[in-house]
2 protein chains.
Amino acid sequence: MRKILAIDAGGTSTRAVVLDLAGRCFGYGRAGSGNPTASGVDGAVTELGKAAERAVAGDESTTNHESAAIIALAGSVSPLLIERLSERFAALGFGGEPVIEPDLLGTYFSGTFESDGYALIAGTGTVAGRITGGRLALARGGTGWLLGDGGSGYWIGHQVMRAVVASLDGLGPDTALTGLVLDSLHIGTELGSVRGRPHSLVTLMEETYALRPIGLARFAPLAFAASEDEVAREILTSAAGSLAQLLAATRDPGMNGPVVLGGSVLAAGMRVAPSIFAAPLTAAAGGVELIAVPDGVVGAAILGLRRAGVVIDSELFSRLQRGVSELRPSSTAEGPVAG
Amino acid sequence: MRKILAIDAGGTSTRAVVLDLAGRCFGYGRAGSGNPTASGVDGAVTELGKAAERAVAGDESTTNHESAAIIALAGSVSPLLIERLSERFAALGFGGEPVIEPDLLGTYFSGTFESDGYALIAGTGTVAGRITGGRLALARGGTGWLLGDGGSGYWIGHQVMRAVVASLDGLGPDTALTGLVLDSLHIGTELGSVRGRPHSLVTLMEETYALRPIGLARFAPLAFAASEDEVAREILTSAAGSLAQLLAATRDPGMNGPVVLGGSVLAAGMRVAPSIFAAPLTAAAGGVELIAVPDGVVGAAILGLRRAGVVIDSELFSRLQRGVSELRPSSTAEGPVAG
């Protein structure tokens with residue numbers, strides 16, 4: 001039977017599904033980061049291979065020589081990665097060169113099977129795109145933690161840490177974030193100072209500067225946890241504004257279409273803080289309904305089916321969504337912010 | 001003759017002066033960064049030694065066994081650094097352990113000899129302090145590029161780069177900063193795109209992510225060069241606001257006193273963009289006159305004299321300022337932003 005190995009490779013985790021051309025799902029697998037920018041070529045091959053192996057393991061039917069793999073992924077890939085993945089997937093019964101597609105398309109087609117629309121991802125980073133005729137016509141954002149990514153998990157975590165440091169340094173207002181951050185790093189709040197600074201501030205600085213900057217994304221969930229706090233609320237409001245601006249900048253006023261939201265920040269924003277996120281995003285979307293998706297694996301499968309010449313209708317799309325959701329273990333649901 | 005070797009060790013350059021207890025200056029020397037956080041212990045010993053050697057080289061008078069060294073420096077120092085500097089300075093005729101003082105005191109006493117007042121430094125980083133009885137009673141800021149330092153050279157350079165990237169990505173307004181940044185990196189503005197992004201944006205991202213983040217401070221002078229541009233003006237206005245807030249947070253409403261400004265950002269701000277910087281800083285200073293100083297070497301000398309029990313009066317202070325300014329080569333004046 002001709003099958004598709006469809007993979008959504010994120011910066012935190014990777015999801016793979018095996019399906020046939022009718023959209024029936026045979027197996028599902030999950031592994032760590034399959035993104036070569038985050039994990040390097042070796043790490044990406046390992047994790048993509050693991051996810052694929054786990055998806056194939058549950059499938060007892062046969063796979064013919066036309067079966068192929070497709071991966072939705074942020075950023076660019078090297079010829080070396082393609083070569084090594086070809087070997088790895090061939091051993092699992094999926095021959096030929098794996099096709100690489102932008103993560104924006106994986107996210108988009110996880111929420112809709114229409115050919116024209118928009119996708120916005122906010123996980124550790126942010127990116128938005130306009131899709132026409134099923135292809136990515138325009139992308140904005142994705143410029144990384146240092147130069148862009150306003151409203152991303154990194155950005156929110158960074159603002160959380162700056163707000164806590166400002167508060168401890170007497171330069172910013174008190175905030176509930178301080179207790180949450182110090183607790184999460186097991187830093188006590190005993191009195192006493194080092195060279196004129198509170199002990200907790202000195203320890204916090206030491207621990208934070210020991211992290212890779214991108215590691216500050218781990219503090220983003222604390223803003224959602226404290227969304228009643230004024231400082232946290234300001235950070236989230238500003239994040240929602242940046243994400244709305246990013247989405248608006250990809251919009252063509254003459255082209256309506258569904259708007260699909262992906263990534264852990266948008267998932268948390270729409271679920272935990274809809275009063276902050278829904279209005280600006282709906283306005284930026286031109287009033288169309290926002291579709292939030294948990295990941296991009298359904299979309300990767302749709303991309304594989306389209307590539308195989310299959311015309312996607314609502315029945316096929318629903319079958320695929322249902323199939324993936326039945327196989328996806330609910331216990332492995334992502335936390336509020338993980339990309 | 002009993003002499004003092006007084007050194008101001010910055011993150012970019014180091015200045016040393018040899019003086020006697022009457023405030024007469026005998027020699028002046030300059031070298032690279034003598035800050036152990038920026039240069040490591042080996043680098044700091046080398047540069048502090050070079051500056052000292054150059055200051056001593058011009059002095060043909062004798063130096064007695066009571067002669068000692070004093071260094072104004074940001075951050076903390078290790079016992080190893082003290083030990084190695086003791087050896088190095090002893091060989092130059094300055095025995096005993098060199099005394100280390102906060103850079104805030106070096107800056108403060110470069111502008112005044114009064115015992116009570118305030119100092120604000122904005123170079124690559126920012127820090128402010130309240131001085132009472134000639135000692136540092138309170139310090140705020142100095143929490144570094146990632147967690148604080150609003151309004152610093154790093155902060156301004158970072159905002160410049162984010163504004164240029166946003167503009168090239170279609171997310172922010174056009175700005176004169178774009179041309180200045182691309183020119184400074186020798187990036188052409190030819191048309192063409194890579195994976196849907198302008199060629200210049202892709203190259204800019206590659207070059208910037210190859211830098212250490214703190215290296216973004218090198219783009220701060222471009223904001224001053226383009227201070228008529230609306231985007232640049234907004235960045236500088238926001239920087240001036242952060243610096244004013246930092247100064248205000250160190251103020252004790254019950255204690256007036258001179259306010260001394262140090263560091264390359266404040267030098268450039270007061271000289272190139274006084275319409276942006278003067279008003280908020282004057283307000284934060286409670287209306288007292290702001291004294292801008294080029295570096296902290298006069299203050300290091302004052303600290304050395306105070307330590308030797310010399311009472312500083314206006315005549316001695318003026319003699320010292322004049323003496324240093326006569327010896328300081330005008331050709332080595334710092335650029336608009338260098339700490």
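Which residue takes a positive phi in the hairpin of E7(B) and E8(B)? Keep that in mind as the opening stop of this tour, and remember throughout that the model is predicted.

**The hairpin in chain B**

Select residues 126-132 of chain B, which are strand E7, together with residues 135-141, which are strand E8; these two strands pair in the antiparallel sense over six bridges. Within this ladder, Ala128(B) has Arg140(B) of E8(B) as its bridge partner. Now select the turn, where two residues lie between the strands, and colour Gly133(B), which is the residue that takes a positive phi, near 60°.

**The five-stranded sheet of chain B**

Next, show the strands of the open sheet in chain B, in which five strands follow the order E3-E2-E1-E4-E5 with mixed pairing. At the edges you will find strand E3 (25-32) and strand E5 (99-102) of chain B, and because each has a single partner strand, one side of each is left without a neighbour in the sheet. Looking along the sheet, you can follow its twist, since neighbouring strands are turned by 20° against each other on average, direction ignored.

Zoom in on E1(B) and on strand E2 (residues 13-20) of chain B, which run antiparallel and are joined by seven bridges. A convenient pair to label here is Ile4(B) and Leu19(B), the latter in E2(B), which stand opposite each other.

Now add helix H1 (residues 36-57) of chain B, which packs on the sheet and touches E1, E2, E3 and strand E4 (68-73) of chain B, with a direction that makes about 150° with that of E3(B). Then add helix H2 (residues 79-90) of chain B, which lies across E1, E4 and E5 of chain B and runs at about 135° to E4(B).

**Two buried polar residues in chain B**

Select Asp8(B), which you will find in strand E1 (residues 3-9) of chain B. Because its relative accessibility is 7%, Asp8(B) counts as buried. Its side chain reaches the backbone nitrogen of Gly296(B) at 2.9 Å, and if you set aside residues up to four places away in sequence, Asp8(B) also touches others, among them Ser13(B), Thr14(B), Arg15(B), Ala72(B) and Asp295(B). To relate this site to the hairpin, draw a C-alpha to C-alpha line from Asp8(B) to Arg135(B), which are 127 residues apart in sequence and 17 Å apart in space.

Move next to Asn35(B), in the loop between E3 and H1 of chain B. Is Asn35(B) buried or exposed? With a relative accessible area of 7%, Asn35(B) is buried. A polar atom of its side chain lies 3.3 Å from the backbone oxygen of Ala74(B). Leaving aside neighbours within four places in sequence, the contacts of Asn35(B) include Gly10(B), Gly11(B), Gly40(B) and Leu73(B).

**A helix pair in chain B**

Select helix H5 (residues 153-168) and helix H9 (residues 230-250) of chain B, which pack at an angle of about 150° with their axes 10 Å apart. That angle makes H5(B) roughly antiparallel to H9(B). To see the contact, show the side chains of Trp155(B), Ile156(B), Gln159(B), Val160(B) and Ala163(B) on H5(B), and of Val231(B), Ile235(B), Leu236(B), Ser238(B) and Ala239(B) on H9(B). The crossing in which H5(B) passes H9(B) is right-handed.

**Over to chain A**

In chain A, select helix H5 (residues 153-168) and helix H7 (residues 199-209), which pack at about 155° with their axes 10 Å apart. H5(A) and H7(A) are therefore roughly antiparallel to each other, and their crossing is left-handed. The contact is formed by Met161(A), Val164(A), Val165(A) and Leu168(A) of H5(A), facing Ser200(A), Leu201(A), Leu204(A) and Thr208(A) of H7(A).

Finish at the sheet of chain A, an open one of five strands in the order E3-E2-E1-E4-E5 with mixed pairing. Strands E1 (residues 3-9) and E4 (residues 68-73) of chain A run parallel and are joined by six bridges, and Ile7(A) stands opposite Ile71(A) in E4(A). Add helix H3 (residues 103-111) of chain A, which packs on this sheet, touching E4 and E5 of chain A, with a direction at about 75° to that of E5(A). Then add helix H13 (residues 314-327) of chain A, which packs on the sheet by touching strand E2 (13-20) and E3 of chain A and makes about 55° with the direction of E3(A).

Key
Residues numbered from 1 in each chain as written. Chains lettered and ligands numbered in written order. Predicted model: local features only at pLDDT ≥ 70, side-chain atom pairs only at ≥ 80, totals over all residues. Heavy atoms only, no water. Pairing = 2+ DSSP bridges. Helix = DSSP H or I, 4+ residues; strand = E, 2+ residues; numbered from the N terminus. Contact = heavy atoms within 4.5 Å. Axes fitted to C-alpha atoms, helices over the stretch in contact; angles between N-to-C directions. Buried < 20%, exposed > 50% of the residue type's maximum accessible area, 1.4 Å probe, protein only. Polar contact = N/O pair within 3.5 Å; in protein donor to acceptor, adjacent residues only side chain to side chain. Parallel < 35°, antiparallel > 145°, perpendicular 65-115°, else oblique. Left-handed = near helix turned anticlockwise from the far one by under 90°.
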